[in-house]
Amino acid sequence: NMKYFKYTGLFVLFILFSYCATSYIEKITKAEEAFYKEDYETAIPEVRDLAKDASAKDQLLYLMEAGTIFHTKGDYETSIKVFKDAEGIADSIQTSMTKEGLAFVLSDNESNFKGESFERVIIKLYLAMNYIMLGKVEDAKRYFKKVDFELKDMKVTDSKFKQNLFARYMDAVISEQLNAYNDARVSYKNIMEIAPDNKEILADRYVLAVKE
C-alpha cells in the first residue's frame with residue numbers, strides 16, 4: 001500500500017548512505033536530518049544548493065537524494081523527473097568507464113567512487129515505484145525489467161552482489177495485474193530459488209496457478 005512504499009523509500013535511502021563517502025555524508029547531514037523529520041521544504045533546497053557546483057559523481061548522489069525526498073513526500077511526478085536525470089548521469093558514467101576501462105575516474109576526489117551498479121538498480125527501482133503510485137503499471141513493469149537487467153549485470157561484475165527480493169516480488173505482482181502470467185511465474189520461481197523458506201511465495205504461486 002501507499003504507506004508501505006513511503007517507508008520503503010526511507011529504508012532504501014539508509015542503504016544508499018552506507019555506500020557513500022564520508023565527505024558526502026558530512027555535506028548532506030543537514031538535509032538528511034530535515035528529511036528524517038519529514039521537513040521536506042527544508043531538505044529539498046538544501047540538496048539543490050549542494051548539487052549546484054557538484055562533480056558528476058556527487059551530482060548523481062544528490063539527484064538520488066532529491067528523488068527520494070520527492071517520492072517520500074508523495075510528489076511522484078517530480079520524483080520521476082529527478083530520477084530520470086540521475087539515470088542519465090549514471091548512464092554517462094557507465095559509458096565513460098566502459099570506454100576508459102576500470103581505471104577511469106572523474107576527478108581525484110572520485111577515485112573512491114564505488115557501487116555504480118547499486119546506484120543504477122536503486123534509480124530504476126524508484127522509477128518503478130513512482131509509476132506504481134501513479135497507477136502506470138505498464139511503465140512500472142518496464143522499469144522492473146530494467147532492474148532485472150541491472151541485477152543480472154551485477155551478478156557478473158559485482159563480488160558483493162545480492163538479489164533484490166523486493167524488486168522480484170513487485171515485478172511478479174505487476175506482471176499478474178497485466179496478465180503476464182509467465183513473467184510472474186518466473187519471478188516467483190527466482191524468489192523461491194533465493195529464499196526457499198519463504199512460504200508466502202508458495203501461496204502466491206498457487207493463486208497464480210488458479211488464475212492461469
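# Worked exercises on an all-helix predicted model

Glu193 lies in helix H9, where a helix is a DSSP run of H or I with at least four residues and a strand a run of E with at least two, numbered from the N terminus. The model is a predicted one, in which local features need pLDDT of at least 70 and side-chain atom pairs count only at pLDDT 80 or more, while totals for chains, interfaces and linings use all residues. Residues are numbered from 1 along each chain as its sequence is written, and side-chain values use heavy atoms, with hydrogens and water left out.

**Exercise 1. Describe the setting of Glu193 and of Asn190 in helix H9.**

Step 1: take accessibility, for which buried means under 20% relative accessible area, exposed over 50%, and partly exposed in between, with a 1.4 Å probe and protein chains only. Glu193 has a relative accessible area of 52% and is therefore exposed, whereas Asn190, at 22%, counts as partly exposed.

Step 2: look for partners. The side chain of Glu193 makes a polar contact of 2.7 Å with the side chain of Lys189; such a contact is a pair of N or O atoms within 3.5 Å, of which, within protein, one must be able to donate a hydrogen and the other to accept it, and residues adjacent in sequence count only if both atoms are side-chain atoms. For Asn190, the C-alpha atom is separated by 8.9 Å from that of Leu165, a residue 25 positions away along the chain.

**Exercise 2. Work out whether Lys141 is buried or exposed, and which residues surround it.**

Step 1: locate the residue, which has its place in helix H7, residues 137-157. Step 2: read its relative accessibility, which is 9%, so Lys141 counts as buried.

Step 3: list the contacts, meaning heavy atoms within 4.5 Å. Once neighbours within four places in sequence are left aside, Lys141 is in contact with Asp171, Ile174, Ser175, Leu178 and Asp183. With Asp171, the side chain of Lys141 also forms a polar contact of 3.1 Å.

**Exercise 3. Check the length of helix H4 against its expected span.**

Step 1: the expected span is 1.5 Å times one less than the number of residues. Step 2: helix H4 (residues 56-73) has 18 residues and should therefore span 26 Å, and its end C-alpha atoms, 25 Å apart, agree with that.

Step 3: consider the surroundings of H4, in which 15 of the 18 residues are buried. Just after this helix, Gly74 takes a positive phi of about 100°.

**Exercise 4. Which residues touch the most other members of the largest nonpolar core, and which helix gives the largest share?**

Step 1: a nonpolar core is a set of buried Ala, Val, Leu, Ile, Met, Phe, Trp, Tyr and Cys residues joined through side-chain atoms within 4.5 Å. Step 2: the largest such core has 45 residues, and those touching the most other members are Val47, Leu60, Met64, Ile69, Ile123, Leu125 and Phe144.

Step 3: sort the members by helix. At least two residues each come from helix H2 (22-36), helix H3 (40-51), H4, helix H5 (76-100), helix H6 (116-133), H7 and helix H8 (165-177), and the largest share, eleven residues, is that of H6. Apart from this core lies another, of seven residues, including Ala184, Ile191, Ile201 and Leu208.

**Exercise 5. Classify the ring pair of Tyr131 and Tyr143.**

Step 1: rings of Phe, Tyr and Trp (its six-membered ring) pair if their centres lie within 6.5 Å, with planes under 30 degrees apart counted as stacked, over 60 as edge-to-face and the rest as tilted. By this rule there are three aromatic pairs.

Step 2: the centres of the Tyr131 and Tyr143 rings are 6.0 Å apart and their planes stand at 25°, so this pair is stacked. Step 3: because Tyr131 lies in helix H6 and Tyr143 in helix H7, the pair ties together parts that are twelve residues apart in sequence. Both Tyr131 and Tyr143 are buried.
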